[in-house]
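Visitor: I am new to this structure and would like a close look at a single part, explained slowly. Please start with a place where the backbone does something unusual, and then widen the view to what surrounds it.

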Amino acid sequence: MTVHLSLVLALVGLVVTLAVAVARPTWLPESAAAVIVAAVLLAFGAVSVARTRQALGDLAPTIGFLAALLLIGDGCRREGLFDALGTLMARRSKDSPRRLLALVFILAAGVTAVISLDSTIVLLTPVVFATVTRLRMMATPYVYACDHLANSASLLLPISNLTNLLAFRASGLTFAHFSLLMALPTLGVIAVEWVVLTRFFGAELRRPREYVAVSDQVKLPRFTLAVVGVTLIGFLVSSLIGVDLLWIAAAGASALTLPALVRRKTTLRGILQGLQPGFLIFVFGLGIIVAAASDSGLAAAVRAVLPHGESFIYLLGIASVSAVLANLVNNLPATLILAPALAPAGHVAVLAALLGVNIGPNLTYVGSLATLLWRRILRAEGTEVDLGEFLRLGALTVPAALLVSAALLWAVTRLGA
Amino acid sequence: MRVLVWIVEGTWMAAVAAAKQFVPADAQITLLHVIPAEAQAVACEAPQALLGRWHTRSTEALQSIAAQIASGLLADARAVLGHDATLNALGGRVGEEVVAAAQKTDLLVVARDCDHAREGPHSLGHTARYVLDHAPCPVLLVWSEQADVT
């Protein structure tokens with residue numbers, strides 16, 4: 001098969017897979033779609049057997065790591081961590097809307113960085129909505145803050161975002177080195193979010209508060225927090241003690257899961273659900289499809305479009321192009337395309353791309369503009385809510401956040417050099 | 001005389017106090033609260049944007065919490081008002097819903113978002129500003145610090 005034909009086939013396959021993942025027809029899970037498309041590409045010779053095996057081999061450690069992280073996140077949910085954080089937030093806010101927003105920032109950034117973006121979106125945001133509503137305060141700024149920080153604070157650690165996990169190996173960095181380089185850019189982006197959100201909701205955040213009684217019992221699951229903390233320390237020192245990250249993650253996941261199984265707080269079925277096997281298969285399938293597209297010219301095209309070098313302007317260029325790509329095709333495939341294409345240019349280029357794919361989705365929800373638009377077009381679920389205000393806030397934060405984070409990444413790497 | 005009092009978290013007591021003070025006893029008062037649909041949609045829909053994972057939805061639970069709190073707020077407002085009033089709990093784009101509801105009224109009572117410490121246009125958030133700019137009827141605008149009438 002000619003290279004051009006392979007590229008066309010792989011791109012069509014990618015679009016079909018993403019469309020299924022967004023539309024979610026009941027008769028076809030996205031994992032099945034990804035596997036079918038990958039098999040079709042293999043059958044037509046758009047990707048070779050050897051290349052498929054290589055792509056699977058490259059992805060396997062990352063997927064294993066991801067599986068362990070999913071179990072840790074699920075363990076935190078099972079032990080009631082997120083509900084406890086909600087109560088803590090309500091108690092510590094001391095009737096001040098601004099103080100409550102600061103607490104939401106801290107908790108959302110912390111949960112995102114240490115557990116994952118998914119946990120903030122799926123588990124923390126509903127808790128924040130419920131907590132703030134019960135305090136008789138307007139939920140809007142707090143919910144938007146959660147959603148924005150799930151993206152913004154996910155720059156920090158390789159475990160914070162699946163995009164980081166996928167690019168982490170390509171970057172060739174250790175866990176600690178990655179986190180060190182990303183620390184300042186993350187803080188910079190969080191600062192941008194704070195300035196924009198507090199200005200945007202300036203008047204609302206100065207509203208008086210009425211007294212609402214809050215439960216004074218905060219039962220933080222200490223064992224769970226300890227396991228998460230020790231696992232994180234393990235990740236940070238993994239390269240020093242020479243233990244693979246996968247084993248540390250597996251140890252953390254086991255420490256949370258096995259006692260729960262023994263005490264019958266969960267079942268094997270529950271654990272399996274927490275693992276989200278469909279999603280793991282989906283990422284494998286997507287990896288093969290993107291490998292086919294990359295090899296038949298997409299990676300070369302991306303390299304041609306992306307600027308080269310490590311000056312500030314180049315880093316900003318890479319971050320901006322990545323942000324656009326993430327919004328066109330969603331940040332997962334964007335990362336799968338960008339990371340291998342940029343790896344030869346060095347780890348700074350890979351990190352700059354991560355700035356783009358992680359911050360860029362703040363233009364809408366997590367994921368991409370495309371996800372939002374496609375979902376709305378494909379599902380056409382009657383009356384969808386108009387998101388004018390939320391989108392305006394995205395447009396206000398994303399360019400500034402890209403600029404600040406690229407400048408800080410550049411400064412950090414210059415300092416390192 | 002038909003009067004619409006916009007009930008907002010945090011500032012509703014000032015609006016109710018103003019209604020008590022300025023509205024004639026024979027007026028038909030409606031207390032209106034609008035749940036912002038956009039924030040609710042972001043909280044409920046965002047998980048679906050995570051490609052390939054988390055197919056759960058918490059929509060019903062969150063909607064019921066918001067509805068329950070809103071009806072409690074309206075009931076409290078009526079109790080403080082001490083006057084017969086129609087309660088109207090809506091959801092949607094807050095500013096537009098308030099303006100639409102004000103079409104059939106003679107007076108709209110609105111509390112500013114801040115107290116005297118922030119005089120000027122910044123005492124109004126985006127939504128309150130929108131309501132003032134688009135209100136079809138006369139508006140009674142009060143500072144929110146007049147709250148403690150209870």
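Guide: Before we begin, a helix here is a DSSP run of H or I with at least four residues, a strand is a run of E with at least two, and both are numbered from the N terminus. Please also keep in mind that this is a predicted model.

With that in hand, look in chain A for N330(A), which is found in the loop between α14 (312–329) and α15 (331–342). Phi of N330(A) is near 85 degrees, a positive value in a residue other than glycine. Is N330(A) buried or exposed? N330(A) is buried, because 27 other C-beta atoms lie within 10 Å, and the cut-off for that word is 20 or more.

A second residue of chain A invites comparison, namely R264(A), whose phi is also positive, about 55 degrees, although R264(A) is not a glycine. R264(A) sits in the loop between α11 (245–262) and α12 (268–275) of chain A. The surroundings of R264(A) are those of an exposed residue, with 7 other C-beta atoms within 10 Å.

The loop that holds R264(A) lies between α11 and α12, so let us turn to α11(A) and to the helix against which it lies, α3(A), residues 49–78, since the axes of the two come within 9 Å and cross at roughly 30 degrees. That angle makes α3(A) roughly parallel to α11(A), because angles under 35 degrees count as such. The crossing of these two helices is left-handed. From α3(A) the residues that make the contact are P61(A), G64(A), F65(A), A68(A), L69(A), L71(A), I72(A), G75(A) and R78(A), while α11(A) contributes L245(A), L246(A), A249(A), A250(A), G252(A), A253(A), L256(A), T257(A) and A260(A). Sorted by class, the residues of this contact are 13 nonpolar, four polar and one charged.

One residue of this contact deserves a pause: G75(A), which lies in α3 of chain A. G75(A) is buried, with 28 other C-beta atoms within 10 Å. The C-alpha atom of G75(A) is separated by 5.8 Å from that of L256(A), although the two residues are 181 residues apart along the chain. Leaving aside residues up to four places away in sequence, G75(A) touches T224(A), L256(A), T257(A) and A260(A).

α3(A) has another partner, helix α13(A), residues 277–305, and here the axes again come within 9 Å but cross at roughly 145 degrees. In this case the crossing is right-handed. R51(A), T52(A), A55(A), L56(A), L59(A), I63(A), L66(A) and A67(A) of α3(A) meet L280(A), V283(A), F284(A), G287(A), I288(A), A291(A) and D295(A) of α13(A). This contact has 11 nonpolar, two polar and two charged residues.

Widening the view beyond chain A, we come to chain B, 38 residues of which are in contact with 44 residues of chain A. On the side of chain B that touches chain A, α2 (37–45) and α3 of chain B each supply at least two residues, and α2(B) gives the most, with seven. By class, that side of chain B has 20 nonpolar, nine polar and nine charged residues.

Chain B itself has five helices and five strands, and along the sequence they follow the pattern β-α-β-α-α-β-α-β-α-β. Of its 150 residues, 45% count as buried. Among its contacts between residues at least 6 apart in sequence, 77% join residues at least 24 apart.

Within chain B, helix α1(B), residues 12–22, and helix α3(B), residues 59–81, have axes that come within 9 Å and cross at roughly 35 degrees, in a right-handed crossing. Here W12(B), M13(B), V16(B), A19(B) and K20(B) of α1(B) meet L73(B), A77(B), V80(B) and L81(B) of α3(B), a contact of eight nonpolar, no polar and one charged residues.

Finally, in α4(B), residues 94–101, the buried residues are V94(B), G95(B), E97(B) and V98(B). Seen down the axis of α4(B), these fall within an arc of 165 degrees, so they line one face of the helix. The buried residues of α4(B) pack against β1 (2–6), β2 (28–36), β3 (85–92) and α5 (126–134) of chain B.

Note on methods: Residues numbered from 1 in each chain as written. Chains lettered and ligands numbered in written order. Predicted model: local features only at pLDDT ≥ 70, side-chain atom pairs only at ≥ 80, totals over all residues. Axes fitted to C-alpha atoms, helices over the stretch in contact; angles between N-to-C directions. Left-handed = near helix turned anticlockwise from the far one by under 90°. Contact = placed C-beta atoms within 7 Å. Nonpolar A, V, L, I, M, F, W, Y, C, P; charged D, E, K, R; others polar. Buried ≥ 20, exposed ≤ 12 C-beta atoms within 10 Å, placed from the backbone. Parallel < 35°, antiparallel > 145°, perpendicular 65-115°, else oblique. Arc of directions from axis to C-beta.
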